[in-house]
Amino acid sequence: ILRKGSKIIYKGSENDINIENYLPDFGEFDTNIEGGFYIDTNKPFLLKQQDFHFVDGSEGSIFIITDVRNWIPQIRNSAQQLVLVFIIVTLLTALISVYWIYFSIIKPFNTLRIATSEITKGNLNYSIEGDPRDEIGQLCIDFEEMRIRIKELLEGQLESEKNTKELFSNISHDLKTPITAIKGYAEGIIDGIADTPEKRDKYIQTIYKKASSMSVLIDELLLYSEIDANNVNYYFSKINLDEFFSDCIEELSLDLEVKNIKLSYKNKVDKEIHVLADAQQFKKVINNIIMNSVKFIKNEKGLIHIYIEDKNEFVQIGIKDNGIGISKEDLPHVFDRFYRTDESRNTMKGGTGLGLSIAKKIVKDHEGKIWAKSEEGISTTVFIKLRKYEEDKNE
């Protein structure tokens, strides 16, 4: 609608509303109001007014009229569409949320609950998995690591209990034999059976030997308990290998000769080669290996040969016997605690099955390596590898 003064000079279309009665006067309202004015009649409409002056200076106004009734169907359809879209989006969001909550929270927690129940029942083999990318998944991973650790500890405890029972059984037998012998020979002296000086000396010597074997057994058990608890104190010093083994041969030769076993020694390295070791503890290693060999030498002429070889930065010590050897099945386990290759034979020979495991622990504490090779029925060789002592590096 175009109005000049108070006269309508142009009307774009006819309308059943008497709009002219509702048109505001020139300058009556702020024409810069965005969106215009809402005129509330029985047929409401929107009005936008723009005032100006004609070239002759008269006042003019342009009005843009919009019938609100034409918008209602569109608004209703838009509102319905918006409501429908809102419902669909809400349902999708709810479904996604439920899916996420179930698989990210409820399911992992349910898995943990079942795993906890299984472990409570004693089933430590029930395994679970987790996604490390989220906190609950990481919790499942930590739970699985805890299960494995508990299982290892329990298995270790059961193995330790088994070994302890076996150790007590071995100790009982190994102590009972010499104690019975000591008691018998002592009673022989008391009852006068040893009625000559020669018999008394023989009985006393036998009692002394049996008591000595008991002392060795007890010392071995005490040493094992200290080693097992890592309470062994080492006093390392620079040791000349040639002098060390020469002393060992001298100490052991006489005892082995009585058992018809020859002990030989050959040094294939420079006689000035040294190693850093605790002489007392390392001597126990050599004694344990040799005494273990002595038990299983059945030849009329036993032989134990010790030799030292140069291996660049290391020296390798070999202790070879001509005993009955070790089977391929038993060989990987000879350094295990309490392990006996033949229960009946070992029981007869005595011993706790700790000698070689003690040797292994001491060599390991010397940062060395120990292993064995054997030909069943022919020989067994125990090897020890130690790093050479170098003055400049260890000063």
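## A tour from F282 outward

Start by selecting F282: leaving out residues up to four places away in sequence, F282 touches F244, F245, I317, I384 and L386. The model on screen is a predicted one.

**The main core.** Widen the selection to the largest nonpolar core, which has 49 residues. F282 is among the residues with the most contacts inside this core, together with F245, I290, I304 and I384. Helix α4 gives the most to this core, with seven residues. In soluble globular proteins, nonpolar side chains tend to be buried together.

**The second core.** Another core, of eight residues, lies apart from the largest one. To find this second core, select I1, F37, F45 and L47, which are among its members.

**Helices α4 and α5.** Next, show residues 241-258 as helix α4 and residues 279-295 as helix α5. Their axes come within 11 Å and cross at roughly 40°, and the crossing is right-handed. From α4, select F244, F245, C248, E251, L252 and L256. Across from them, α5 supplies A279, F282, K283, I286, N287, I290, M291 and V294. Sorted by class, the residues of this contact are 11 nonpolar, one polar and two charged.

**N260, after α4.** Move to N260, in the loop between α4 and β7 (261-267). The phi of N260 is positive, near 60°, and N260 is not a glycine. Is N260 buried, exposed or partly exposed? With a relative accessible area of 45%, N260 is partly exposed, because it falls between the limits of 20% for buried and 50% for exposed.

**H274, in strand β8.** Now select H274, in strand β8, which covers residues 274-277. H274 has 17% relative accessibility and so counts as buried. What lies 2.6 Å from a polar atom of the H274 side chain? That position is taken by the backbone oxygen of E272. Setting aside neighbours within four places in sequence, the contacts of H274 are K238, I239, N240, K388 and Y389.

**Q316, in strand β10.** Strand β10 spans residues 314-321 and contains Q316. At 9% relative accessibility, Q316 counts as buried. Add F383 to the selection: the C-alpha atoms of Q316 and F383 are 6.7 Å apart, while the two residues are 67 apart in sequence. Which other residues does Q316 touch, not counting those up to four places away in sequence? Besides F383, the list holds Y307, I308, E309, K311, W371, I384 and K385. I384 also appeared at the start of the tour, as a contact of F282.

**Helix α7 and its end.** Select residues 355-365 for helix α7. Its buried residues are G355, L356, S357, I358, A359, I362 and V363. To see what these buried residues pack against, show α3 (197-228), α5, β11 (369-375) and β12 (379-387).

The last stop is E367, in the loop between α7 and β11. E367 has a positive phi of about 60° although it is not a glycine. E367 counts as exposed, because its relative accessible area is 72%.

Terms used
Residues are numbered from 1 along each chain as its sequence is written. This is a predicted model: local features need pLDDT of at least 70, side-chain atom pairs count only at pLDDT 80 or more; totals for chains, interfaces and linings use all residues. Side-chain values use heavy atoms; hydrogens and water are left out. Helices (H or I, at least four residues) and strands (E, at least two) are DSSP runs, numbered from the N terminus. Buried means under 20% relative accessible area, exposed over 50%, partly exposed in between (1.4 Å probe, protein chains only). A polar contact is a pair of N or O atoms within 3.5 Å; within protein, one must be able to donate a hydrogen and the other to accept it, and residues adjacent in sequence count only if both atoms are side-chain atoms. Contact means heavy atoms within 4.5 Å. Axes are lines fitted to C-alpha atoms, for helices over the stretch in contact, and angles run from 0 to 180 degrees between N-to-C directions. A crossing is left-handed if the near helix is turned anticlockwise from the far one by less than a right angle, and right-handed if clockwise. Ala, Val, Leu, Ile, Met, Phe, Trp, Tyr, Cys and Pro count as nonpolar, Asp, Glu, Lys and Arg as charged, and the others, Gly among them, as polar. A nonpolar core is a set of buried Ala, Val, Leu, Ile, Met, Phe, Trp, Tyr and Cys residues joined through side-chain atoms within 4.5 Å.
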